[in-house]
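This report introduces a single protein model to a reader who has not met it before. Please keep the sequence and the structure in view while reading.

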Amino acid sequence: MTQRKLLAVFAHPDDESFGPGGTLAKYAAEGVDVHVAIATDGAAGSVAEGYEGVREQLADVRKEELAAAASVLGVEVHMLGYRDSGYIDDPANEHPEAFINVDQEEAVGRIVRLIRELRPHVVLTHDETGGYYHPDHIRTHEITTAAFHAAGDPDRYPEIGPSPYRPQRLYYSVIPNRWLKFYTLIMRLRGEDPTRGGRNEDIDLTQLGRSRDELHASINIYRYWERKQEAGAQHQSQGGGTSMSRLLPRWLEKRLFSTEYFIRAYPPPQEDAWDRDLFAGMNGQK
């Protein structure tokens with residue numbers, strides 16, 4: 001039987017761990033050939049305390065951290081090589097080589113090439129909000145969605161081999177808003193302002209997350225929660241760890257956050273359908 005294959009495309013080094021890292025670890029442990037493509041070098045990201053001195057070498061640091069995290073998760077990494085654009089209104093947005101400013105057709109072509117070479121059954125990426133409206137996340141969503149459909153079209157990118165191929169499913173990784181409502185409640189109880197979240201206090205957590213009726217799939221990662229934590233911990237320049245709050249006992253955090261959620265973009269799900277396996281019913285696989 002053909003080995004199942006998954007390609008996940010994310011914007012920055014650490015998105016693979018801080019995002020659906022448990023899902024990636026689960027499938028890799030079950031024998032799925034899991035590939036992770038990272039669009040940017042992460043060099044415009046903020047840094048954790050103690051890493052202020054590596055700003056000029058941040059791209060190299062984050063590449064090393066990514067390699068360590070990938071080893072923990074059991075995935076193979078592909079770097080697309082673009083420059084980090086920074087968050088909203090960051091001066092890095094204006095750099096001509098920033099990911100959000102590069103030729104979109106060319107960027108789509110890089111993902112098309114990966115899809116045609118790897119021939120994954122499932123492709124996974126950010127949703128249209130990018131999770132927290134990061135410009136690079138949104139651009140990654142755009143180019144991956146376009147590449148998913150273009151890769152199977154013989155009239156698109158005919159110069160890119162091998163033969164055209166479209167994966168069977170496309171999913172978007174999302175955070176349910178009920179998680180964020182819980183987190184923002186904890187913040188308010190501690191006297192913190194949830195509209196000023198993140199290391200730079202520039203993320204309004206009250207505006208994030210997707211409602212239950214927008215979701216189509218969930219993966220139970222309880223057995224792989226510690227592995228996700230270990231992978232996240234490799235990203236020390238970004239604070240390490242994948243905790244939603246770091247305010248809860250680890251046993252409670254594991255119980256509350258041991259499910260990862262997705263939107264199924266293709267094929268459109270039937271009404272009230274719910275996937276508990278991204279490969280369910282595919283090529284004889286259950």
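The text below moves from the whole chain to selected residues.

## Overall form

The model is a predicted one. Its secondary structure consists of eight helices and seven strands. The radius of gyration is 18 Å, close to the 19 Å that the globule rule gives for 286 residues, so the protein is as compact as a globular protein of that length. Measured out along the principal axes, the C-alpha trace spans about 55 × 45 × 30 Å.

How much of the protein counts as buried? Of its 286 residues, 52% fall in that class. The accessible surface comes to about 13,400 Å², and carbon and sulfur atoms account for 46% of that area. Among contacts between residues at least 6 apart in sequence, 77% join residues at least 24 apart.

As for charge, the protein carries 33 positive and 44 negative side chains. The centres of these two sets lie 8 Å apart.

## Backbone features

Several places in the backbone deserve individual mention. A cis peptide bond links Gly161 to Pro162, with omega at about -5°. Pro162 belongs to the loop between helix 5 (135–150) and strand 5 (169–174). Another cis peptide bond links Tyr266 to Pro267, and its omega is about -10°. Pro267 is placed in the segment after strand 7 (259–266).

Positive phi values are also found at residues that are not glycines. Arg119, which is not a glycine, has a phi of about 55°, and Tyr133, likewise not a glycine, has a phi of about 65°. The table sets out where these two residues lie and how accessible they are.

| Residue | Phi | Location | Relative accessible area |
|---|---|---|---|
| Arg119 | about 55° | loop between helix 4 (104–118) and strand 4 (122–126) | 31%, partly exposed |
| Tyr133 | about 65° | loop between strand 4 and helix 5 | 38%, partly exposed |

## Aromatic pairs

How many aromatic pairs does a search of the whole structure find? The search finds five. Among them is the pair of Tyr27 and Phe279, which is edge-to-face, with 5.2 Å from centre to centre and 70° between the planes. Tyr27 lies in helix 2 (residues 21–29) and Phe279 in the segment after strand 7, so this pair ties together parts that are 252 residues apart in sequence. Both Tyr27 and Phe279 are buried.

Tyr87 and Tyr132 form another pair. Their ring centres are 5.6 Å apart and their planes meet at 25°; because planes under 30 degrees apart count as stacked, the pair of Tyr87 and Tyr132 is stacked. Tyr87 sits in the loop between strand 3 (76–82) and helix 4, while Tyr132 sits in the loop between strand 4 and helix 5, so the pair ties together parts that are 45 residues apart in sequence. Is Tyr87 buried or exposed? With a relative accessibility of 14%, Tyr87 counts as buried. Tyr132, by contrast, is partly exposed, at a relative accessible area of 26%.

## Two residues and their surroundings

Gly21 and Ala265 illustrate how individual positions are placed within the chain.

Gly21 belongs to helix 2. Its relative accessible area is 0%, so Gly21 is buried, the limit for that class being under 20%. Which residues does Gly21 contact, leaving aside neighbours within four places in sequence? They are Glu16, Leu73, Lys228 and Glu260. Gly21 and Trp225 are 204 residues apart in sequence, yet their C-alpha atoms are 8.6 Å apart in space.

Ala265 is part of strand 7. With a relative accessible area of 28%, Ala265 is partly exposed. If residues up to four places away in sequence are not counted, Ala265 touches Leu170, Tyr171 and Tyr172. Ala265 and Leu205 are 60 residues apart along the chain, and 24 Å separates their C-alpha atoms.

Definitions and conventions: Residues are numbered from 1 along each chain as its sequence is written. This is a predicted model: local features need pLDDT of at least 70, side-chain atom pairs count only at pLDDT 80 or more; totals for chains, interfaces and linings use all residues. Side-chain values use heavy atoms; hydrogens and water are left out. Helices (H or I, at least four residues) and strands (E, at least two) are DSSP runs, numbered from the N terminus. The radius of gyration is taken over C-alpha atoms; the globule rule is 2.2 Å times the number of residues to the power 0.38. Buried means under 20% relative accessible area, exposed over 50%, partly exposed in between (1.4 Å probe, protein chains only). Contact means heavy atoms within 4.5 Å. Accessible areas come from the Shrake-Rupley method with a 1.4 Å probe; for residues, only the protein chains shown count as cover. Lys and Arg count as positive and Asp and Glu as negative; His and the chain ends are not counted. The place of a charge is taken as NZ of Lys, CZ of Arg, CG of Asp or CD of Glu. Rings of Phe, Tyr and Trp (its six-membered ring) pair if their centres lie within 6.5 Å; planes under 30 degrees apart count as stacked, over 60 as edge-to-face and the rest as tilted.
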